[in-house]
Amino acid sequence: MTSMSHPRVRVRYLGVLLTAAMSVASLAACTPAAPAADDGKLDVVASISQWGTMAQALGGDHVTVTSAIANAAADPHDYEPTTADIAGISAADIAVVNGAGYDAWACTAAETADVEVVDAGALAGVAEGDNPHLWFSSRVRTAVADALTAAYVAADPDHADDYARLNAQWEERERRLDDDIADIRESAASMPYAATESVAAYLFEDLGMEDVTPQGYLQAVSNEGEPGPADLRRFVDLLEAGEARLLVANSQHGDAAGGRLTDAAHAANVPVMQVGEQMSDGCDDVIAWMETLLGEIRDLLG
């Protein structure tokens, strides 16, 4: 993951954006203009499309959902929010954030504006510094779905039955996904895999697979640093020895170390699976994305 090299500058930058966004909102409130059209829908803003697509599926026709980061090629770790991003969250009825330090700008904007927030990290008990890629976890997806439905019902009780029906439909899709996970786990449990980054670790944890990534390497990349030569050599040796049945590489983060590991895996006939942090093109929501990934895992493991 790309490091943030100037955190103080980023904090000042976020403060300027928040001030600007709140000024815009205040100006709009004090201006005697014609009232904006109200379509009766809840205005929901998500920091990332993984949660935004879930919010739309669970709200149906009763919500309008906007995701700040929806580009599959975007790197949220380096994302610079615009004034419009922050103003959108500040004016929303409900904000959906990932938390766990992944989208601090969105969490700060929602807290500053006192907006109703569904925070995946808080629901999962995952703190900043832990693995923030929570949408890969079946347990966390279910917790966020239920929290979203509760927020919708509280904000729009007239459509409570619709929200309950949509939640049941989502839970049924999750149940089928869990069945697929259980099916793969029957043959893959305790099977060793390694990863250039821990992006999809929660998914492989659900599959019961064993992460054999060298600890020195894993610690370095988890702290947004560069692995040392000895740790990289140990990782290459592991792949060459066939000690991993699968190498998982971050498709959105190409660097020399990752390229060397991918080359070593190919040379050793270890299958390589490319997984990014954003949903793959063609996937309508996070469950469809997980279904696609499970299909790839099944094919690669044979």
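Asn 269 counts as exposed because its relative accessibility is 70%, and in this predicted model the residue is placed in the loop between α11 (256–267) and β8 (272–275). Its phi is near 60 degrees, a positive value in a residue other than glycine. As background, most residues other than glycine have a negative phi. Asp 114 also has a positive phi, near 60 degrees, without being a glycine, and the table sets out both residues.

| Residue | Phi | Loop | Relative accessibility |
|---|---|---|---|
| Asn 269 | near 60 degrees | between α11 and β8 | 70%, exposed |
| Asp 114 | near 60 degrees | between α4 and β4 | 70%, exposed |

The loop that holds Asp 114 joins the description to a strand pair, since this loop lies between α4 and β4. Strand β3 (residues 94–97) pairs with strand β4 (residues 116–119) in the parallel sense, over four bridges, and Val 96 has Val 118 of β4 as its bridge partner. Together with helix α4 (residues 104–113), the strands β3 and β4 form a β-α-β unit that is right-handed.

Elsewhere, the report turns to a helix pair. Helix α2 (residues 49–59) packs against helix α7 (residues 160–188) at an angle of about 125 degrees, and their axes are 7 Å apart, so that α2 is oblique to α7. On the side of α2 the contact is made by Met 54, Ala 57, Leu 58 and Gly 59, and on the side of α7 by Tyr 163, Leu 166, Asn 167 and Trp 170. Six residues of this contact are nonpolar and two are polar, while no charged residue takes part.

Definitions and conventions. Residues are numbered from 1 along each chain as its sequence is written. This is a predicted model: local features need pLDDT of at least 70, side-chain atom pairs count only at pLDDT 80 or more; totals for chains, interfaces and linings use all residues. Side-chain values use heavy atoms; hydrogens and water are left out. Axes are lines fitted to C-alpha atoms, for helices over the stretch in contact, and angles run from 0 to 180 degrees between N-to-C directions. Helices (H or I, at least four residues) and strands (E, at least two) are DSSP runs, numbered from the N terminus. Angles under 35 degrees count as roughly parallel, over 145 as roughly antiparallel, 65 to 115 as roughly perpendicular and the rest as oblique. Contact means heavy atoms within 4.5 Å. Ala, Val, Leu, Ile, Met, Phe, Trp, Tyr, Cys and Pro count as nonpolar, Asp, Glu, Lys and Arg as charged, and the others, Gly among them, as polar. Two strands pair if DSSP finds at least two bridges between them. A crossover is right-handed if, with the strands pointing away from the viewer, the path from the first strand over the helix to the second runs clockwise. Buried means under 20% relative accessible area, exposed over 50%, partly exposed in between (1.4 Å probe, protein chains only).
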